[in-house]
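Let's take a friendly walk through a small piece of protein architecture. Have the sequence and the 3D view ready, and follow along one step at a time.

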Amino acid sequence: MTQRLHLVFGGELVDPTKNAFKDVAAIDIVGMFPNYQTAYNAWKAAAQRTVDNAHMRYFIAHIHRLRDEETPASATEELGD
């Protein structure tokens, strides 16, 4: 079975209608989770803790979608080796 990692993170946005963080250095990294359900539970808990601040947003990033080991590396990725 393929591991499907998910990253939960959030922070204060410049404008609640956009996805630009006010201070990237202050982003709250909630954690990395092995499946969507545990990531969702962590996301929901973090979002509920900050519900009184309209500028705070938490997100779930599907890390497993960023890198498919079966797909050949791009030219940019080759530079890192």
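## What "buried" means here

A residue is called buried when its relative accessible area is under 20%. Keep that cut-off in mind as we look at strand β1, which covers residues 6-12. Six of the seven residues of β1 are buried, so this strand is largely enclosed by the rest of the structure. Across the protein chain, buried residues make up 21% of the 81 residues.

## The model and its overall plan

What you see is a predicted model. The average pLDDT of the protein chain is 86, and 80% of the residues score at least 70. Over residues 76-81, however, the pLDDT is below 50, and beyond near neighbours in sequence this stretch has two contacts in the model. Where pLDDT is low, the predicted coordinates should not be read in detail.

The protein chain holds two helices and three strands. Starting at the N terminus, the elements follow the order β-β-α-β-α. Distant parts of the sequence meet here too: among contacts with a separation of 6 or more, 60% are between residues 24 or more positions apart.

## A sheet of three strands

How are the three strands ordered in their sheet? They form an open sheet in the order β2-β1-β3, with antiparallel pairing. The edges belong to β2 (28-33) and β3 (56-62); each has a single partner strand, so one side of each is left without a neighbour in the sheet. On average, neighbouring strands are turned by 15° against each other, direction ignored. Helix α1, made of residues 36-49, packs on this sheet and touches β1, β2 and β3. The direction of α1 makes about 170° with that of β3.

Now for the pairings themselves. Five bridges link β1 and β2 in the antiparallel sense. Here Phe33 of β2 is the bridge partner of His6, and Ile29 of β2 is the bridge partner of Phe9. On the other side, seven bridges join β1 to β3, again antiparallel. One of the pairs has Val8 with Ile60 of β3 as its bridge partner.

## His6, at the start of β1

Is His6 buried or exposed? His6 has a relative accessible area of 3%, which is under 20%, so this residue counts as buried. A polar atom of the His6 side chain lies 2.8 Å from the backbone oxygen of Arg4. The side chains of His6 and His62 are also joined, by a polar contact of 3.2 Å.

Setting aside residues up to four places away in sequence, His6 touches a varied set of neighbours, including Gly31, Phe33, Tyr36, Ala39, Ile60 and His62. Gly31 is in strand β2 and is buried, with a relative accessible area of 15%. Outside its neighbours within four places in sequence, Gly31 is in contact with His6, Leu7 and Val8. The C-alpha atoms of Gly31 and Phe9 are 7.1 Å apart, although 22 residues separate the two along the chain.

## The nonpolar core

Which residues make up the largest nonpolar core? There are five: Val8, Phe33, Ala39, Ala42 and Ile60. Ile60 has further contacts as well; leaving out residues up to four places away in sequence, Ile60 touches His6, Leu7, Val8, Tyr36, Ala39, Tyr40 and Trp43.

## Two buried residues in loops

Burial is found in loops too. Phe21 sits in the loop between β1 and β2, and its relative accessible area of 19% makes it buried. Beyond its neighbours within four places in sequence, Phe21 is in contact with residues that include Phe9, Leu13, Ile27 and Phe59. Phe21 and Met56 are 35 residues apart along the chain, and their C-alpha atoms are separated by 9.1 Å.

Where is Thr50 placed? Thr50 lies in the loop between α1 and β3. With 19% relative accessibility, Thr50 also counts as buried. Not counting residues up to four places away in sequence, Thr50 touches Met56 and Tyr58.

How values were computed
Residues numbered from 1 in each chain as written. Heavy atoms only, no water. pLDDT = per-residue confidence, 0-100. Contact = heavy atoms within 4.5 Å. Helix = DSSP H or I, 4+ residues; strand = E, 2+ residues; numbered from the N terminus. Buried < 20%, exposed > 50% of the residue type's maximum accessible area, 1.4 Å probe, protein only. Polar contact = N/O pair within 3.5 Å; in protein donor to acceptor, adjacent residues only side chain to side chain. Pairing = 2+ DSSP bridges. Axes fitted to C-alpha atoms, helices over the stretch in contact; angles between N-to-C directions. Core = buried A, V, L, I, M, F, W, Y, C linked by side-chain atoms within 4.5 Å.
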